[in-house]
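Here is a brief report on one protein model. It follows one strand, its partners and the core around them.

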Amino acid sequence: MASISWFSSLHIRPTTASASDKGLSSPITVEHHKTTRPHLLSSLEEGLTVKRRQLILYTATAAIGAASTVSKALALNDVSEDFSIYTDDENKFKIEIPQEWQIGTGESAGFKSLTAFYPKEESNSNVSVMITGVGPDFTKMESFGKVEEFADTLVSGLDRSWKKPPGVAAKLIDCKSSKGFYFIEYTLQNPGESRKHLYSAIGMLTNGWYNRLYTVTGQYGDEETDKYASKVQKAVRSFKFT
């Protein structure tokens with residue numbers, strides 16, 4: 001995913017059993033494809049719109065490369081023969097993941113927590129949970145606009161197929177809002193490379209003092225659809241606050 005870029009550099013936590021074989025992506029910056037809007041909004045509203053757009057793109061791009069920047073960690077409870085429950089008491093969430101997958105954590109000044117889950121064997125498939133602090137003006141998912149607006153901002157912000165030469169092509173497949181979460185399904189494809197499928201659940205949680213945006217993203221390539229698609233989607237849908 002050389003054309004997909006990051007907003008910040010991630011730092012792997014030291015560990016005796018790291019995921020170094022996954023590699024570390026170079027920290028580069030996402031370009032914004034900005035368009036001039038009619039003078040319908042006040043300067044304050046325009047500022048909030050930019051902040052929303054930047055936050056949506058930040059969480060999306062960081063989540064795409066999450067599994068390559070984590071160190072190993074374990075906190076599992078059995079839930080079924082094929083899946084286990086990973087519980088994070090500190091960050092107050094739980095998620096079901098395939099039994100055989102590895103677990104890692106990462107950190108960056110750009111967000112508060114990153115946890116990724118990925119197969120033991122070499123693979124581009126993974127699921128990540130990224131937690132980002134947001135300002136007091138973001139109190140619920142609707143603060144970002146309706147789910148259709150949110151999804152369009154995310155996917156259009158990643159798309160570079162309009163450039164010359166063309167870059168990554170991003171396509172929105174589906175989006176919906178359910179039980180406080182925005183669910184977004186989309187694809188990314190670099191020229192000459194196989195297509196990647198991404199399935200995200202985005203929700204917000206507050207402890208009364210500050211708000212946190214949780215971005216759960218699963219991804220797999222066309223070539224791994226039969227092997228990992230159902231597992232990735234089940235994991236993302238299983239995410240819950242505790």
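In which sense do strand β11 and β12 pair, and over how many bridges? Strand β11 (residues 196-206) and β12 pair in the antiparallel sense, over 11 bridges. Pairing here requires that DSSP finds at least two bridges between two strands.

This is a predicted model: local features need pLDDT of at least 70, side-chain atom pairs count only at pLDDT 80 or more, and totals for chains, interfaces and linings use all residues. Residues are numbered from 1 along each chain as its sequence is written, and side-chain values use heavy atoms, with hydrogens and water left out.

**Overall**

The protein has 3 helices and 13 strands. Helices (H or I, at least four residues) and strands (E, at least two) are DSSP runs, numbered from the N terminus. Of the 242 residues, 48% are buried. Buried means under 20% relative accessible area with a 1.4 Å probe, protein chains only. Contact means heavy atoms within 4.5 Å. Among contacts between residues at least 6 apart in sequence, 58% join residues at least 24 apart.

**Strand β12 and its partners**

Strand β12 spans residues 211-221, and 11 of its 11 residues are buried, so the rest of the structure largely encloses it. Both faces are covered. One side carries N211, L213, T215, T217, Q219 and G221; the other carries R212, Y214, V216, G218 and Y220.

Two strands that pair with β12 are listed here.

| Partner of β12 | Sense | Bridges | Opposite residues |
|---|---|---|---|
| β8 (residues 126-134) | antiparallel | 9 bridges | V129 and V216 |
| β11 (residues 196-206) | antiparallel | 11 bridges | I202 and T215 |

The hairpin of β11 and β12 has 4 residues between the strands. There, G208 takes a positive phi near 95 degrees.

**Cores**

A nonpolar core is a set of buried Ala, Val, Leu, Ile, Met, Phe, Trp, Tyr and Cys residues joined through side-chain atoms within 4.5 Å. The largest has 23 residues. F93, I95, F117, V127, V129, V216 and F239 touch the most other members. Two or more residues each come from β5 (93-98), β8, β10 (181-189), β11, β12 and α3 (225-238). The largest share, 5 residues, comes from α3.

A second, separate core has 21 residues, including L154, V155, Y182 and Y186.

What does V129 touch, leaving out residues up to four places away in sequence? V129 touches F93, I95, S113, L114, T115, F117, T215, V216 and F239. Among them is V216, which also stands opposite V129 in β12.

Technical notes:
Buried < 20%, exposed > 50% of the residue type's maximum accessible area, 1.4 Å probe, protein only.
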